[in-house]
Amino acid sequence: MTPPLLAVRDLRVRFATEGGVVKAVDGVSFDVERGRTLGIVGESGSGKSVTNLTLLGLHNPARTTIEGSAVLDGTELVGAPERTLRDLRGQRVSMVFQDPLTALSPYFTVGAQIVETYRRHTGAGRREAKARAVEMLDRVGIPQPERRAREYPHQFSGGMRQRAMIAMALVCDPDLLIADEPTTALDVTVQAQILDLLAELQEQLGTAIILVTHDLGVVADVADDVLVMYAGRAVEFGPVAEVLDTPRHPYTRGLLASVPRLSDALDRPLQPVPGSPPSLLDPPSGCAFHPRCAHAVDGPEAPCRTVLPLLTRAQAASGGSGHAAACHLEAAPGTAAPTDLQGATP
Amino acid sequence: MFRFLVQRLLGAALILFVVFTVTFFLFFAMPDDPARLSCGKTCTPETLALIRRDLGLDASVPMQYWHYIVGVFAGRDFGSSHCSAPCLGYSFVNHEPVLDTLLDRFPATLSLALGASVIFLGGGIMIGMLAALRRGTWLDKSTMAFSLIGASVTIQFLGVIARYVLVDELRWLPKPEYLPFTDDPGGWTGGLLLPWLTLACVQAAVYARLTRASMIDALGEDHVRTVRAKGLTSRQVYFKHAWRGAITPVVTVYGIELGVLLGGAVVTETTFNIPGIGKLAVNAVANSDLPMITGVVLIAATAMVLANVAVDAVYAVIDPRVRV
């Protein structure tokens, strides 16, 4: 079995704030395989964006501490010198952000911004880089790429801007594309086009994708695997079909139940997950989800309240597919011998 | 770009017309009678009437307004003296057309404003950028503490102390004075050095703090994060990308500042005895020289409006979103 492209093990990210230490990411582990798409789902503040920004060293180093390990194709990213990370960024790992209007520089033409990325990593000449930029714009489906390359981002529509952003991210043919809520700021119709485009490019280029989103519909459409995050921890991981069909963590079930469906009766009220996400300054003891969990076992000594559940896979239930959940109720004795994913070697 | 400039200049002309009209009518709201002031101590009713006629003060207010406007475009006569177009009135105190005096004084003000600008913009922006990039370090803290002191002292205080120490005691700098650049470039520079430094010291502090704050904002912007995510070096991130966003507020503030400075740096000119527009304005007010006051107001307004047109043009160069 070939090692995964990216192996994240027990990643911990803490921010020093005036109110105390925020555990933004608290022991997350996952793998990203070459050419596959991992969806990371969670509410705002669940740590899904922070995980990815810190992988590339795009956090504020003065206030952040990172522990754990993240190995990209043999290179350790955690604690790597800025120079190493800088060379990886844009070349082997690139990012697409939520709002392409603010994420693209308003001061340079779209073409110039793509050219800049390409020349930084390949040392190509101006003319060659320009041709490459036009080629990429054409590839992401921007009509008249030659002319559009000379325009500024504010002259593009939202969907076209995100296409340009994707062209820029893929110009150096990276191994991994991190798309942080790439469709959230777009119209619904345009969302589907952008997702199709990502899937199509992935097929052509073999790029692995981490897709950060809070939209389970997006995950269902394009992801191969899904990681559900809650309060800075992974609560469920597995192949997307399995997780969405047979969710094993009560939080995932709650998220799925909260999505309205066209087949629902019109007068069916929305079913949100009750309560609100916990403060990461002072997260609940034991399972961070227990105050909102309908299934939590009550009592001061109950494990839900006192013991941190580990992400374990119940092999009998999942058939060895890697479907795992961090829930005491799932890991109850009798189901199967739990395997600790955190023990896996990169 | 051409259309943009033409539009702005037309707008500027309109604003100046409004300012002129308002100033002209304020002129009549003032309690002093210009003819009386011009007449002197031994004033017979006959002389007064004569002066009144010579200065055109015997006509009705709308007619005087009309004469003034005609004078601006075609020139006019005040008694035996001629004021050629563009005529901004005739000073009763100096016995000279207002415009001649203004043109005579303007080079001193311009020299002071531009020279000081070079020093305080260059110094202030550089200090602010450094402080932003070294945010939280001793360099940041000490430069910001100094700039707080700089922003708090006044020119008349700093100027007098600096003059005493640097000119009178240590003799490092020449005596502050104004010599026309065309006559003596060396003397021009030397004489203005202390006024420049004093004015710049107070201003640079403001720009350092402003630049630091806006650079820190700019470094937090999404597109700057994108540039970092592209793998660019810190130098490229700061000096190719982030500064573009950071410089806009600085340009805005400087546009206003330049307008103010060109209308006369009253305190600096008075402190160092530089014969500029600011000193002229003070004297005109002291002498109730009403046409001169109108003239100074007009030139200050013109400077402000033109500085703003220039700022708009600079915006368009910095930010392509402004061009459409």
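# A tour of two chains

Begin by selecting strands E1 (6–17) and E4 (64–72) of chain A, which pair with each other in the antiparallel sense over eight bridges. This is a predicted model, so everything you visit on this tour belongs to a prediction. As one example of the pairing, click on A:Val8, and you will find it standing opposite A:Ala70 in E4(A).

Now widen the selection to the whole sheet in chain A, an open sheet of four antiparallel strands that follow one another in the order E2-E1-E4-E5. At its edges lie strand E2, residues 20–32, and strand E5, residues 75–76, each of which pairs on one side only. While you look at the strands, it may help to remember that in a regular strand the side chains alternate between the two faces of the sheet.

Stay at the E5(A) edge and zoom in on its link to E4(A), where the two strands run antiparallel and are joined by two bridges. In one of them A:Leu72 has A:Thr75 as its partner, and A:Val71 is partnered by A:Glu76. The hairpin made by these strands has two residues between them, and in it A:Asp73 takes a positive phi near 50 degrees.

Next select helix H1 of chain A, residues 48–55, which lies across E1, E2 and E4 of that chain and runs at about 75 degrees to E2(A).

From here, move to the place where chain A meets chain B, a contact that takes 23 residues from chain A and 17 residues from chain B. On the side of chain A, the elements to colour are helix H2 (82–88), strand E6 (93–96), helix H3 (100–103) and helix H4 (110–122), each giving two or more residues. The largest share, three residues, comes from H4(A). If you colour this side of chain A by class, you should find ten nonpolar, eight polar and five charged residues.

Cross into chain B and select helix H9, residues 222–229, which is mostly covered, with six of its eight residues buried. Those buried residues are B:His223, B:Val224, B:Thr226, B:Val227, B:Arg228 and B:Ala229. What do the buried residues of H9(B) pack against? Their neighbours come from both chains: E6 and H3 of chain A, together with helix H8 (185–219) and helix H10 (234–262) of chain B. Following H9(B) you will reach B:Gly231, whose phi is positive, near 90 degrees.

Keep H8(B) in view and add helix H6 of chain B, residues 138–152; the axes of the two helices come within 8 Å and cross at roughly 135 degrees. That angle makes H6(B) oblique to H8(B), and H6(B) passes H8(B) in a left-handed crossing. On the H6(B) side the contact includes B:Thr143, B:Met144 and B:Ser147, while among the residues of H8(B) are B:Cys201, B:Val202 and B:Arg209. By class, the contact divides into eight nonpolar, three polar and two charged residues.

For the last stop, select helices H12 (residues 277–286) and H13 (residues 290–318) of chain B, which pack at an angle of about 150 degrees with their axes 9 Å apart. Because of this angle, H12(B) is roughly antiparallel to H13(B), and H12(B) passes H13(B) in a left-handed crossing. The contact is made by B:Ile277, B:Leu280, B:Ala281, B:Ala284 and B:Val285 of H12(B), facing B:Met292, B:Ile293, B:Val296 and B:Ile299 of H13(B). These residues divide into nine nonpolar, no polar and no charged.

Notes:
Residues are numbered from 1 along each chain as its sequence is written. Chains are lettered from A and ligands numbered from 1 in the order in which they are written. This is a predicted model: local features need pLDDT of at least 70, side-chain atom pairs count only at pLDDT 80 or more; totals for chains, interfaces and linings use all residues. Axes are lines fitted to C-alpha atoms, for helices over the stretch in contact, and angles run from 0 to 180 degrees between N-to-C directions. Angles under 35 degrees count as roughly parallel, over 145 as roughly antiparallel, 65 to 115 as roughly perpendicular and the rest as oblique. A crossing is left-handed if the near helix is turned anticlockwise from the far one by less than a right angle, and right-handed if clockwise. Two residues are in contact if their C-beta atoms, placed from the backbone, lie within 7 Å. Ala, Val, Leu, Ile, Met, Phe, Trp, Tyr, Cys and Pro count as nonpolar, Asp, Glu, Lys and Arg as charged, and the others, Gly among them, as polar. Two strands pair if DSSP finds at least two bridges between them. A residue is buried if 20 or more other C-beta atoms lie within 10 Å of its own, exposed if 12 or fewer, and partly exposed in between; C-beta atoms are placed from the backbone.
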